[in-house]
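Here is a short tour to read with the model open beside you. Please rotate it as you go, and let the headings guide you from one region to another.

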Amino acid sequence: MDRDSEGRRAFLKGAVAGSAAAVTTALPGTASAQAAGSKATASAPATAGYVFLTPDEGAFIEAVVDHMVPADALTPKGTDLGLHIYIDRALASGWGKGERLYRQGPWKQGTGNQGYQLPLTPSELYRAAIPAADAACVKAYGKTFDKVTPEQREAFLVAMQQGKVTLENGPPVRIFFGMLYQNVMEGMFADPIYGGNRDKAGWKLVNFPGVIATNQQNIDKFRDRRMPTNPLGIADIS
Amino acid sequence: MAARKLKEVDAVIIGLGWTGGILAKELSEAGLKVVALERGRMTTTEADFQLQQVRDELRYVQRQEMMQDASRDTVTMRNTPKQDALPVRRLGSFLPGEAVGGSGLHWSGGTWRWSDNEFKVRSLYEQRYGSKFISAEMSDLRDWGISYAELERYYDKFEYMAAVSGKAGNLNGRIQPGGNPFESPRAREYPLPPLKNVLSSQLFAEAATKAGYHPFPRPAANASRAYTNPDGASFGGCQYCGFCQRFGCEANAKASPHITVVPAALKSQNFELRTNAWVTQILKDPSAKRVTGVLYTNLLTGEELEQPASMVMLCTFTMNNTHMMLLSGIGQPYDPATQTGVIGRNYCYETRTGANLFFEGRTFNRFISAGGTNWVIDDFNANWDFDRAPHGFVGGYIVSAGHNTNLPIGNRPVPGGTPAWGTAWKQALAKWSDASMSITSSGGSMPHRYNYLDLDPTYKNAFNQPLLRMTFDFKENEHRMNAHAAQVVNELAKSLNATRMGSASGKPQSWTVVPYLSTHNGGGTPMGTDPKTSAVNPFLQSWDAHNLFVMGANVFPHNGAYQPTGLVGALAYRTADIIKSRYLKNPGPLVSA
């Protein structure tokens, strides 16, 4: 299993190198500043280039994560937590390329009880869905998702969640939205080594203690009162 | 190209989880030359479950690192025989493990002694409620051909091997305070005292006591303090880290084959373990009622090999055992149209429902837990005084609470009506997620004519063999049981006066492959006393090949409310004993057909 962690680190290093050549999509400066300024996030990706997302896809994802996780008294906004980076890295990872996914046909839609039946890997699903979602947004509001007002973003996301948007030449909208929402949650609450949950802001929100959990005494000591936590991630004690 | 034929051994074991590990140890210690073929890789705590890497929810829960790789082998599913079955493309409802240790690596440790009520289910219900109480479509409901009394010593052996922590409720017929008063009599206490409770199990226990029920700590193979088992395996004390289900244990506090029976077997010169060895077929001698060995592929080289053996032990996960029998053509496949055949018969699952409670001002510290921090009531399961007549169902359910393995990606409780994102969502998470607990029921599942397993006509695995096809849905018996369970759960939940509550649903449910439900699948190669309706006899010996023994919950003719592993382990120890004491002296059928 160490092998996989090493692989991931190497992969992230590669991502950093790759980003220099790549991209017009700039990240908010605050994210880099936070990453540079905090020991705890030292192993989070220091730069923000995308290894999978195109600039247009990146703009869509950034708008989604900033809308779902706005800056407020509880956390910084989604891009400042690295949620877009998390999604980009996930789509470029083995999972995004269909690892552990049975991929043989024939392909049929099936009943709801039969689960995921599309011939698409997660990265293929995103690639097909985002332009279709943006096209639907243009049709509804005259602009792509990243350019519409917060009220319009809210209405469009709710409509996607409820299956009221049609993704022309794209996958069923509920399947895309379900995966997108799950990935936003993963970015928010997975260990920061995956690129999201920067400064463990997601963990702090729910008082999750992170990787150190020796609770033989705490189980009684903190009965019905909040256990003070200063969450540590995998990179903090590597 | 013909497979390279290896030298014959006394026994070949397919799959090295709990049952394979138990047989590996017992048979090699008895002097037999034993080879185990495991399609996954080697596992050790030192290499695989060290801090900090092991505490990674994304890797082990969402990405399912220790589970069967569905891209190579999965099942197809449908709810009724009229539908087209489609592949389970990503595992969801159940999660078989794939490595040395199998699902024993990632279980929570729930360990129960199934009682005589289960093994004598048909005769007890007919005697008390009349034969019409069991519907025609449940005609495969049967007595198992075993008794609690003959299993007691094997339950005991498993519990002491696996560091089970609990409190006896019935010692030699005397009811003990603090334990389960409905359990069958045990000869001695658990090897270790119960784990500590948490606030949610404490509140549940108080409510259950007030309602007149009999709560007790769930027995679990999580060592409540440091322990050395009779085979010399060392356990650390449980640290209530909250990463139990789906994870390996870095403290060696959770019993697993890779720290107990497997290293014990590896001490013997008679035992050889081959990992990355994928068995495709059990070979049979068409002229005699026996098998001759197995065909397997070395996954590291692609080479196909034949391993001849005097005995074959089929020890993979529940459904995979049924799959192997079908792929090997051993035993007649079950046909629901005529209700003939035995392989794939009696496939059963599990029913669940639950209520979510939110208490303003309370703090559960829900990330502190172990597999055994749950408390349970058995008043609607092993309690034979519970009258099923007015409710019309066979079997029972347990009810429990206690925050086993809540982690932040997968477990984000907020009251109903909360937005799914935005500031209001974050505020609700901050306010409610650690002020919440749930009460859940887990119920049995009875055989039904149209719930069964066979080979899929369309989809294939990585070896171009047909996938196993599951045809399953919950039926009237489960619906009635669930309706009753929801009522009991909701009454208990209401008595706790939570600020907000999401009630348990008692409505009929249909089985779906998402989300996760339970890895307590049962049946497919049911045991019994009649070779026309069972795949194996009560010693788990194939009726069709006397030197083939089939382990696992696939031998259960129905599924009870308890977790299966305690019984699975006890049955494996019993089979090992009968092989040593009787079979080796006179190889042949142990029960005459």
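Helix α11 (residues 476–495) of chain B lies across β16 (351–358), β18, β19 and β22 of chain B, and its direction makes about 20° with that of β16(B). Such angles run from 0 to 180 degrees between N-to-C directions, with axes as lines fitted to C-alpha atoms, for helices over the stretch in contact. Helices (H or I, at least four residues) and strands (E, at least two) are DSSP runs, numbered from the N terminus.

Before we go on, a word on the source: this is a predicted model, in which local features need pLDDT of at least 70, side-chain atom pairs count only at pLDDT 80 or more, and totals for chains, interfaces and linings use all residues. Residues are numbered from 1 along each chain as its sequence is written, while chains are lettered from A and ligands numbered from 1 in the order in which they are written.

**The sheet under α11**

Which strands make up this sheet, and in what order? In chain B, 6 strands form an open sheet in the order β8-β17-β18-β19-β16-β22, with antiparallel pairing. Two strands pair if DSSP finds at least two bridges between them. At the edges stand β8 (216–217) and β22 (500–502) of chain B, each with a single partner strand, so one side of each has no neighbour in the sheet.

Strand β16(B) is a good place to look inside: 7 of its 8 residues are buried. Here a residue is buried if 20 or more other C-beta atoms lie within 10 Å of its own, exposed if 12 or fewer, and partly exposed in between, with C-beta atoms placed from the backbone. Opposite R352(B) you will find S442(B) in β19(B), and L357(B) has M501(B) in β22(B) as its bridge partner. In β18(B), S400(B) is the bridge partner of V376(B).

Helix α7 (residues 199–210) of chain B also packs on this sheet, touching β17, β18 and β19 (436–443) of chain B, and its direction makes about 25° with that of β17(B).

The table lists strand pairs of chain B, including one from the sheet described below.

| Strand pair | Sense | Bridges |
|---|---|---|
| β17(B) and β18(B) | antiparallel | 3 bridges |
| β16(B) and β19(B) | antiparallel | 8 bridges |
| β16(B) and β22(B) | antiparallel | 3 bridges |
| β20(B) and β21(B) | antiparallel | 5 bridges |

**A mixed sheet**

Chain B also has an open sheet of 4 strands in the order β5-β4-β21-β20, and its pairing is mixed. Its edge strands, β5 (86–87) and β20 (452–460) of chain B, each pair on one side only. Helix α9 (residues 318–328) of chain B packs on this sheet, where it touches β4 (75–78), β20 and β21 of chain B at about 70° to the direction of β20(B). Within the sheet, Y452(B) has T471(B) in β21(B) as its bridge partner. The hairpin of β20(B) and β21(B) has 5 residues between the strands, and there N464(B) takes a positive phi near 60°.

**Helix α6 and a buried loop residue**

Helix α6 (residues 148–161) of chain B has 14 residues and reaches 19 Å from its first C-alpha to its last, close to the expected 20 Å. That expected span is 1.5 Å times one less than the number of residues. The buried residues of α6(B) include Y148(B), L151(B), Y155(B) and F158(B). Among the elements that cover the buried residues of α6(B) are α4 (116–119) and α12 (565–583) of chain B. Just after α6(B), A163(B) has a positive phi of about 55°.

Is F243(B) buried or exposed? F243(B) counts as buried because it has 24 C-beta neighbours inside 10 Å. This residue lies in the loop between β10 (234–235) and α8 (261–266) of chain B. Leaving aside neighbours within four places in sequence, F243(B) is in contact with R55(B) and T405(B); contact means that C-beta atoms, placed from the backbone, lie within 7 Å.

**Chain B overall and its partner**

Chain B has 12 helices and 24 strands, and 60% of its 593 residues count as buried. Along its principal axes the C-alpha trace of chain B spans about 70 × 55 × 50 Å. The contact between the chains takes 57 residues from chain A and 58 residues from chain B.

How values were computed
Contact = placed C-beta atoms within 7 Å.
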